[in-house]
Amino acid sequence: MGKLQRIMKKLHNKSPYFWIGLFMSSVAVVWAVLGFFWTPCSTTAMSAAERFQAPSWGHLFGTDNFGRDIFSRVMKGASTTVLVGLLVVLFSGGFGVLIGALTGYFGGILDELVMRFVDAVNGFPSILLALVMISVLGSGRHNLILSLGIVFTPSFIRIVRSEFIRLRDADYISRARLMGVKKIRILFVHILPNILSTFSVSVMIGFNNAILAESGMSYLGIGVLPPDASLGNMLSDAQGYLMRAPWYAMAPGLTIVWIVLGFSLLSEGIRRNAGEVRGL
Amino acid sequence: MKRRISVYFMTALLLMTALGGCAGGTQKPSEDKSSLESTVAENSQAVQSSQETKADGTGEAGYGGKVVVGIQQDMDSLDPHKATAAGTKEILFNIFEGLVKPDPDGNLINAVASDYSISEDGLTYTFTLREGVKFHNGNNVTAEDVKYSLERASGLLDGTALISSLSAAKGGITKVDILNDNTVQVSVSSANLELIYSFTAAIIPAGSGEDPEAQPVGTGPFSFVSYKPQESIVLKKNPDYWQQGLPYLDEVDFKIVNSADTALLELQGGSIDIYPYLTDSQATELQGKMDVLSAPSNVVQALFLNNADPVLKDVKVRQAICYALDRDSVNDFVFGGNAAVVSCAMLPTMQSYYEDLNSVYGTSGNAEKAKELLAEAGYPDGIDFTIQVPSNYEVHMETAEVVADQLNAANIHTTVVPVEWETWLSDVYNGRKYQGTISGITTDMTPGYLLNRFQTESSKNFVNYANAKYDETYAKAAASLDLTEKAGYYKELQKLMAEDAGTAFLSVPPITVAIKPELEGYTFYPVYVQDMSVVKYK
Amino acid sequence: MQYRMTKLIGKKLITLIMTLFLVSVAAFLAFQIIPGDVVNAILGTEATPEREAKLREELGLNDPPVVRYLHWIGGVLHGDLGRSYRYSKSMNEMLPVAELIGDKLPVTLWLAALAVFFIVVVSIPLGVFWAQGKSHFLDAFLNVLTQSVMAVPSFFLGILVTYLFGMVLKWFQPGGYVSYQKDFAGFLKYLVFPAISVAIPKIAMTARFLRNSMLTEKTSDYVRTAKSKGCTDRQVMYGHVLRNAMMPVVTFLGMIIAEIVAGSIVVEQVFGLPGVGRLLISSISNRDFPVVEILILYITAVVIVVYFLVDLLYRVIDPRIREM
């Protein structure tokens, strides 16, 4: 048994996952943020003469069926995708903390009701739920964010709630209560900071799931729609040209993999640093 | 009496994915053709001629076999009178026939009728039934069946016209009389040169329209076998077909493909043999591996402008948009240069009716002129403009991307909003709540249908075009019983519309079909059909 | 004991019915809000006011929503699931929803069965092997590998599988789906690659889950006891650790099964499979309410029943839970 734990311990101290993940996700974020303001070529300029060019120095990832530079479009697409992921996490994480904190700390009937609801929603495959919501709201970027945000909120509620339940009876909290600290203060000043490492891991996982959901729905044509570039709808366009221009599909696909892998390695690193051994 | 030609025969507007072929002109196909047509028509003629040489040799090799045709739309109905989607009618063409039916040259030929005559005043049609025509259930077609079918389609049976151009209120059928066992006389409410096209309405067995169990039974070259939603519709050879020697194939499967992209994979892999809706880049990809044929379609694609919009109400703004469009490059990017750029709601292939108005706004874009006009209209800094596009039509989506780029260059700050087809139908087409939208309108054989919708009060006038002179001229055209006079009025209508910039017409896209090299005989029609009866193995 | 079980099942059954009812109301309400009208969707641009009116009458759309809902649910309770608005059975009849879904369901179920088979066959040995912690390098390798696999979106995986096996290696024919009624063997053969696409990320997840679960078990007291009693590593591993570690994995597998059976929408789309997922998407966009409503109820029921079965299995395996 000693050997394994020693390995684990070594990993705690260094955790290469953390560093690799940090590197990959930073590159992704910088790239995506940069894509907002600047791309090497125009993302919309079309050129009949330059259709389906294989990757070269001029066009790092080649060109698409309109002769547009895929590298630039992937950059733009990544910014859309990352932005959507970020807003979804902000939305669902924000509401998750609020509702999870209140129900976890106070319990009672409200808690019971909310958890019933959370269980019901969690059981449903998230993409299906988002699909139904998007049909009600109509497709497009804003509605996509809203639907995914709503769909992802319950899992945050659950995580935050269980952390609050764990901590609400801790000694230092009981003491704070005895000292007459206001409830709001206990919730958000005393407890909240202590769940940050758990929470940050779930934020990253949530972010990844949001990115995967966004690209999946855009691929199905119900998420971000052209002319807005998103990695998902680029892939759906590219699918038809797999034989002729495989790079067209590979560029957005591998970009998604890069972003998601970066954040999951990072979250794994954080988890290992925190010394937790968890399922996923 | 107020007359309106509203010919049913044309299908749903703008089923771009379901383009109809158009090889010949409407009335006089032998006259000189436009340059675009002659280049593409060579293809189709080559195919046709190879078919003609072998068509009459029964017993010759080439019979038998099965073909899988990829289609993009699911069937909206199995009832030939109720079906409205172009994608459904193209298939039902193989099962059902009317008294008359279109041929590849754009003429009507006799089908269930062997002959017909129209009275001097244009109010009475007398049809003689062809001897020995059988339904797929083995029964002979009787005068009763014909009477039933026409009454059902025109609404005489239960008050609801399934084919609106046949309804008495729209100048259609008021009475159907059986003169004898093989003669039927039809009275119509107003004389109309284009009404005969509506008699392509399917003839079905009497009573089958109310029988809940009835499977589609017609007189066409193929009979119905089965239909599985989202998968396929299977037809088999009708051995009793009245046209000697047809069809060649034993079985035709129309397979509903998932998307244009998978269709390409399936073509390459061999799980479909014919696919009629290739985009330009797909066609290039298949070049050499498949026979790729192309002909002008019967769709006019346009950036439709809502004339009632507060900003677009100003004719100068609409003209500015027309000037800003570089329609040549739309053609290059989206259709590989194979579309015919037009400036009016008419197909160039309908030569005697078509007016070439491309010089009015030019075809290569004039951003300066557009900015000038905007300034004159009181918008020196340009305008904001929203284009709604039905997102399921890839061609329209691609066009929108190109067009937005061009408009932006002329200070028309354009946002493209993709909407679902069903939302498009209810909000844009029926609700008329939009600024601009890209889609297409189609006609099958009658030129009037394209112009009809732009009358001020037309229920299909979704661009809210309003011009009293237009309405007046249209009424004259409809009343005219002389083809040349009618053509003159039609040309005038196109001119009026162009001057008002009532809508920014773009082009008539090509229809491009991929066919497995082992097959021959595929024939383009000026209507929206997939005629499988003439297709055969080499 | 017997009584307690019956009571439990009864309780769960009531929950199931309540949930289904609420979901059906929610879906019905959603359909009242969705823009676009089924009559428009059916008649397209050829609609005339009289045909619209007739169709509205035929579909019973003139009744107030509450009446329509009661009418619908009355039918469902009598075993009549209604008819599709969109798909025809014959010239004049629309296709009964039960028939339509019954036709598409086997595709999804077989896909799920194949996928689950791959998941179980690969992930359990992999997880056990991994948990043995043979070397640091291997551990890290498997860790990164599974992380990477899980980072691949399902549709991209589908595209990669299509490209690699379908177009480069030509092991299967992309889009060449064969109906199961026509040629069952061909049908299964075509499903293999979609099933692999569904399975790959789940294999990675399950293997990780099993490995972690086993590592946790390994450090527990009973393992130490067993070892001190002289059991070999092998005996401990398979006799004790695996069995206990499997428990959470069973739950996890249950969730995965529910997810796949509910419709692998994306994979069905990529591979052109006419399963329930694709039917759901097209029915939503066709505004084919009767089909959507039943599909949503089906998915809800599947999810609840699978969870319940997992729960039940748990109680059978682990007597401790019965007391709770």
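The questions and answers below go through the helices, cores and one sheet of a predicted model.

In this predicted model, local features need pLDDT of at least 70 and side-chain atom pairs count only at pLDDT 80 or more, whereas totals for chains, interfaces and linings use all residues. Residues are numbered from 1 along each chain as its sequence is written, chains are lettered from A in the order in which they are written, and side-chain values use heavy atoms, with hydrogens and water left out.

Colleague: How many helices does chain A have?

Modeller: Helices (H or I, at least four residues) and strands (E, at least two) are DSSP runs, numbered from the N terminus. From that end on, the elements of chain A run α-α-α-α-α-α-α-α-α-α-α. Chain A has zero strands, and its helices come to 11.

Colleague: What percentage of the residues in chain A is buried?

Modeller: Buried means under 20% relative accessible area, with a 1.4 Å probe and protein chains only. Among the 280 residues of chain A, the buried share is 55%.

Colleague: Which residues are the edge strands of the open sheet in chain B?

Modeller: Two strands pair if DSSP finds at least two bridges between them. In chain B, four strands form an open sheet in the order S4-S5-S7-S6, with antiparallel pairing. Each edge strand pairs on one side only, and these strands of chain B are S4 (113-118) and S6 (173-180).

Colleague: Over how many bridges do strand S5 and strand S7 of chain B pair?

Modeller: Within this pair, B:Thr126 stands opposite B:Gln185 in S7(B). Strand S5 (residues 124-129) and strand S7 (residues 183-188) of chain B pair in the antiparallel sense, and the number of bridges is five.

Methods
Buried < 20%, exposed > 50% of the residue type's maximum accessible area, 1.4 Å probe, protein only.
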